[in-house]
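Work through these exercises with the model open beside you. Each task comes with a stepwise solution.

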Amino acid sequence: MCGIVGYVGDKKALIKIMTGLKSLEYRGYDSSGIAYVKDGIVKILKEEGPIRNLEEKINYNEITTIGISHTRWSTHGAANKINAHPHRQGKITLVHNGIIENYEQLKRELLNQGYCFQSNTDTEVAAAVIDSLYKKSQDMVLVLNEAVKMLTGSYAFNIINDDYPDTIFAMRKDSPLIVGIGQKENILASDIPAILHITNKYVVLDNYDIVVMQSNKLEYYNADNQKISKQINIFVGDIETISKNGYDHYMLKEINEEPEIVKRILTLYTDEGRIKIPFKLNKYASVDIVACGSASFAGQLGKFYIEKFLNIPTSVTFASEYRYQKNFFRKDKLVILISQSGETADTLAALKLAKDNGVTTLAIVNRKDSSIAREADNVIYTEAGIEVSVATTKAYLAQVIVLLLLAASGSKEEGSVLNDLKILPNIITKQINDYDYKKVSKFLYKKENIFYLGRGIDYFLAMEGSLKLKEISYIHSEAFAAGELKHGSISLIDENFGVIAVVTDKNISHKTISNLKEVAARSAKILTITNINDDSFSNYVIKIDDISDVLNPLLAIIPMQLLAYNIAKLKNCDIDKPRNLAKSVTVE
Ligand code: G6P
């Protein structure tokens, strides 16, 4: 949620900053801005809309060696030029990712001190807080540590002080920030893609760390104003890993990576026909799975697998609800947090709640070194690589596979699950390539409403399929348990409705088919994703292979992702950066 980049070094700083910022556009793209020092003066440029609008205003020939920049997903204040970052108060110019929760109270106090505010943002208030503290002490490390005591909420800041035109100060609490270490140049950023054009060496900042960064100097301080040293990590991979590799969109590229990711997970977490995943579920009496969005739908499949193989009662709750419901934290409970980014604020808050109540936590996370990965008692990485498209595909599939391995590990089905998983990559490749998804999407893309229907595990898949479609195509869509539709919502169905049915569970397929016939009788157009042969009730059928009851659902995911992609493409939507969304949601 919002991306920030700060850079000090080369004379062509503007191009280096903007290259980094563009790679963070997945974090927000309502508006963007940059501040840089030219002849000792801080210059600020901001624009509404995507980063390309800002780029049009930048003169890349201008010489500067230092700047901070921001791409915004608005929380406080509309998405316009005034509210765009950087914000400036007195000698302080800054960009911010996060939310200052007590900004209204601070603003009242600062207004009394004579500060005026141009924007409606919490960020401008933070700039004034730091400026007012700087008037009392000229030591920026002390000032920032004082600011920490006053600001509640979450933040990653990059700050330029007029009195230090060759230095960027930075700090973080509950919003990600890394430092990329180059040769006579250094870069601060919200995420790794933004540093890779400069370096693969990076430091992950912890909460309350403060950084003082110049082209040849990097100093880190803790909350007691003491200098500290930080571990340097090396990012394995290169910029190609996060480029589109010839695909029209990251989403399509990431779907095409899925067979390789399944292979990678199997290589890492299996050995000689056994599952070697670094965690065992069987000593727990119950499991709470907590996650947001697609990760929670992966969690629903996880619940299905854990209950099926291990008989451990499992619940799945949206992280935004978990903290506000009654939870029964017993010593023999495990709380599993699932997150692609590892930075989702609601999931992080649920993790802290579980830890505060003395319950063991396990994070299933894609991004290494993310906050959730570092704070959980145990972590399993999903190893899907960097995912850029806002709508998750490969990371969701990786979450489901890891959950399946966890659940099957030590169960009597372990051998058969592993045998089936071995053939999955090839079957996924075939599923991706053997179908003309564009052709089949043509009959759905003009629909205003599409229901996804399924029973049992197919209903959990329907939830993910429906989310994928609405995220990127803006078609109204809902997932229903097929049998529940007749209890009210079927009243909406008419000939203009589209229905996507998921039928992979042969034990209950006859029941689902009855429900689909009810829908067909009301003239809705039905597309069925299935491995069964009775498709008389469907207008269109996408066939999937029949591997096993446990694996078939994983095959149905692929057509649903490709349908959403092709429908959004036919509608000319901005597939990788859908409106109003951001990939990493670091606000509650
Ligand atoms: C955002 C994205 C969703 C994603 C959810 C959870 O809302 O738009 O697609 O599923 O966050 O993200 P996480 O990084 O925790 O998996």
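**Exercise 1. Describe the lining of the largest cavity, then place the cavity relative to the domains.**

Solution.
- Step 1: Start with the lining. In this predicted model, 22 residues line the largest cavity. Nearest its centre lie Pro176, Ser190, Asp191, Glu343 and Arg367.
- Step 2: Sort the lining by class. It holds 7 nonpolar, 5 polar and 10 charged residues.
- Step 3: Add the volume. The largest cavity encloses about 220 Å³ of space. The count of cavities of 30 Å³ or more is 2.
- Step 4: Place it. Domain 1 (3–240) and domain 2 (244–434) both contribute lining residues, so the largest cavity lies between them.

**Exercise 2. Characterise the second largest pocket: its volume, its lining and the domains that supply that lining.**

Solution.
- Step 1: Take the volume. The second largest pocket has about 470 Å³.
- Step 2: List the residues at its centre. The lining has 20 residues, and the closest to the centre are Phe235, Val236, Lys368, Gly385 and Ile386.
- Step 3: Sort by class. The lining of this pocket comprises 8 nonpolar, 4 polar and 8 charged residues.
- Step 4: Find the main helix. Helix α7 (residues 258–269) gives the most to this lining, with 3 residues.
- Step 5: Check the domains. Domain 1 (3–240) and domain 2 (244–434) each supply at least three residues to the lining of the second largest pocket.

**Exercise 3. Which residues surround the ligand, and which class do they belong to?**

Solution.
- Step 1: Count the shell. The ligand is surrounded by 12 residues. The closest are Ser339, Gln340, Ser341, Thr344 and Glu471.
- Step 2: Divide the shell by class. There are 5 nonpolar residues, 6 polar and 1 charged.
- Step 3: Trace the secondary structure. Helix α8 (residues 293–310) gives the most to the shell, with 3 residues.

**Exercise 4. Find polar atoms of the protein that lie within 3.5 Å of a ligand oxygen, then state how much of the ligand the protein buries.**

Solution.
- Step 1: Look at the backbone. A backbone N or O atom of Gln340 sits 2.7 Å from an oxygen atom of the ligand. For Ser294, a backbone N or O atom is 3.0 Å from a ligand oxygen.
- Step 2: Turn to the side chains. Glu471 places a polar side-chain atom 2.8 Å from an oxygen atom of the ligand.
- Step 3: Work out the cover. The ligand taken alone exposes 390 Å², and the protein buries 88% of that.

Note on methods
Residues are numbered from 1 along each chain as its sequence is written. This is a predicted model: local features need pLDDT of at least 70, side-chain atom pairs count only at pLDDT 80 or more; totals for chains, interfaces and linings use all residues. Side-chain values use heavy atoms; hydrogens and water are left out. A residue is near a molecule or strand if one of its heavy atoms lies within 4 Å of it. A polar contact is a pair of N or O atoms within 3.5 Å; within protein, one must be able to donate a hydrogen and the other to accept it, and residues adjacent in sequence count only if both atoms are side-chain atoms. Accessible areas come from the Shrake-Rupley method with a 1.4 Å probe; for residues, only the protein chains shown count as cover. Helices (H or I, at least four residues) and strands (E, at least two) are DSSP runs, numbered from the N terminus. Ala, Val, Leu, Ile, Met, Phe, Trp, Tyr, Cys and Pro count as nonpolar, Asp, Glu, Lys and Arg as charged, and the others, Gly among them, as polar. On a 1 Å grid over the protein atoms alone, a cavity is a set of points where a 1.4 Å probe fits but cannot get out, and a pocket is an open set with protein on both sides within 12 Å along at least five of seven lines; lining residues have an atom within 4 Å of a point. Grid points are joined across faces, edges and corners, and a volume is the space filled by probe spheres set on the points. Domain bounds come from an automatic or database domain assignment.
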